[in-house]
Amino acid sequence: CLGISELSILLEDSKNHDHGTTEMNVEGPLFIAGLPERANGATMGVIEAVDKPLFMKNRVTDQAGKPLANAIVDVWQPNGEGFYFVQRENLPEWNFYGRYHTDANGEIDFLTAVPGDYPVPTSGPTGTMLEQLGRHGYRAAHIHYIIRAQGHEDFTTMMYFNHSPYVDSDTIFSVKDFRVNIQEHSDAAEIAAKGLDKTFYTLDYAFVIP
């Protein structure tokens with residue numbers, strides 16, 4: 001919450017600036033090795049009544065625009081209420097955690113939930129510091145990614161959502177330029193075609209890795 005971790009990432013990522021790559025970001029404390037393998041198109045977690053379904057499509061390319069086939073893409077996020085599965089006993093194991101492999105076009109797609117904002121723990125000295133500085137303790141809604149492609153260094157980042165009320169004041173100073181807008185779909189025919197009974201959202205984003 002002092003911004004030191006993000007400063008280190010800015011310094012590490014400086015060599016990629018002005019080359020059109022997706023910006024790097026911190027891994028965060030809730031990555032867990034051994035994410036379950038999921039097929040393209042598979043649902044990444046349990047979509048509950050409070051969740052907003054999000055159909056995600058991602059593409060991975062190099063700086064020349066070449067699609068990177070068979071890249072490993074680890075994805076993890078909180079649910080729509082802002083909880084990772086390790087934080088609540090009632091959540092299924094590996095809820096909204098998954099490992100995907102890009103196809104011949106460098107693409108993956110999956111169904112997830114629009115992630116919720118959440119607060120960092122504020123019961124100790126971190127909370128005291130934030131209170132004295134007049135700062136809130138909320139993280140803006142985001143999804144984590146680690147991309148591993150042959151011939152490239154492992155690439156770690158976070159995707160932030162512009163609709164979050166905390167996107168301009170994330171408590172760990174993590175939001176920079178990697179901010180996206182999701183598209184709402186409320187047409188009854190579109191909803192029925194997806195086999196849903198409520199509004200859903202879509203996002204198509206191409207990662208460019210160094």
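Colleague: In the structure above, is Y84 buried or exposed?

Modeller: The model is a predicted one, and every value I quote is computed from it. Accessibility is judged by a cut-off, and buried means under 20% relative accessible area. Y84 has 0% relative accessibility, so Y84 counts as buried.

Colleague: Where in the chain does Y84 lie, and with which residue does Y84 form an edge-to-face pair?

Modeller: The general idea is that a pair of aromatic rings is described by the distance of the centres and the angle of the planes. The search of the whole structure finds 13 aromatic pairs. In one of them, Y84 and Y97 meet edge-to-face, with 6.4 Å centre to centre and 75° between the planes. Y84 belongs to the loop between β2 and β3, whereas Y97 is in strand β3, and the two are 13 residues apart. Y97 is buried too, with a relative accessible area of 0%.

Colleague: How should I read the pair of Y138 and Y166?

Modeller: Their ring centres are 4.6 Å apart and their planes lie at 5°, so this pair is stacked. Y138 comes from strand β6 (residues 138-139) and Y166 from the loop between β8 and β9, 28 residues apart. Y138 has a relative accessible area of 32% and is partly exposed.

Colleague: Which residues form one aromatic cluster with Y84?

Modeller: The cluster consists of Y84, F85, W94, Y97 and Y118.

Colleague: Which rings have a charged residue lying over them?

Modeller: Two cases can be named here. The charged end of R88 sits over the ring of F83, 3.8 Å from its centre. K194 lies over the face of F55, at 4.2 Å from the ring centre.

Colleague: Let us turn to charges that meet one another. How many salt bridges does the structure hold?

Modeller: The number is 7. A useful habit is to read each bridge in two steps: which side chains meet, and which parts of the chain they link. Take R99 and D74, whose side chains meet in a salt bridge at 2.7 Å, N to O. R99 sits in strand β3 (residues 97-101) and D74 in strand β2 (residues 72-76), so to read this pair is to read a link between distant parts of the chain, 25 residues apart. D74 is buried, at 0% relative accessibility.

Colleague: Which other side chain meets D74 in a salt bridge?

Modeller: R148 does, at 2.6 Å, N to O. R148 is in strand β7 (residues 142-148), 74 residues from D74 in strand β2. With a relative accessible area of 24%, R148 is partly exposed. D74, R99, R148 and D154 are linked in a network of salt bridges.

Colleague: With which residue does R179 form a salt bridge?

Modeller: The partner is D168, and the closest N and O atoms are 2.9 Å apart. R179 is in strand β9 (residues 179-180), and D168 is in the loop between β8 (155-161) and β9, 11 residues apart. R179 is partly exposed at 30% relative accessibility, and D168 is exposed, with a relative accessible area of 65%.

Colleague: How does one read the sides of a helix?

Modeller: An α-helix has 3.6 residues a turn, so residues three or four places apart point the same way. In helix α1 (residues 4-13), the residues E6, I9 and D13 are buried. They lie on the same side of α1, because they cover an arc of only 55° around the axis. The face turned away from the buried side carries the exposed residues I4 and L11.

Colleague: Finally, what surrounds Q77 and L91 in the loop between β2 and β3?

Modeller: One reads the burial of a residue, then its neighbours. Q77 lies in that loop and is buried, with a relative accessible area of 0%. The side chains of Q77 and T112 are joined by a polar contact of 2.7 Å. Leaving aside residues up to four places away in sequence, Q77 touches several residues, among them M44, Y84, Y97, T112 and H142. L91, also found in the loop between β2 and β3, is buried at 10% relative accessibility. With the same residues up to four places away left out, L91 touches E48, N79, F83, Y84 and F85. The C-alpha atoms of L91 and G45 are separated by 9.5 Å, although these residues are 46 residues apart along the chain.

Methods:
Residues numbered from 1 in each chain as written. Predicted model: local features only at pLDDT ≥ 70, side-chain atom pairs only at ≥ 80, totals over all residues. Heavy atoms only, no water. Buried < 20%, exposed > 50% of the residue type's maximum accessible area, 1.4 Å probe, protein only. Helix = DSSP H or I, 4+ residues; strand = E, 2+ residues; numbered from the N terminus. Arc of directions from axis to C-beta. Salt bridge = Lys/Arg side-chain N within 4 Å of Asp/Glu carboxyl O. Polar contact = N/O pair within 3.5 Å; in protein donor to acceptor, adjacent residues only side chain to side chain. Contact = heavy atoms within 4.5 Å. Phe/Tyr/Trp six-rings, centres within 6.5 Å; stacked < 30°, edge-to-face > 60°. Lys NZ or Arg CZ within 6 Å of the ring centre and 35° of its normal.
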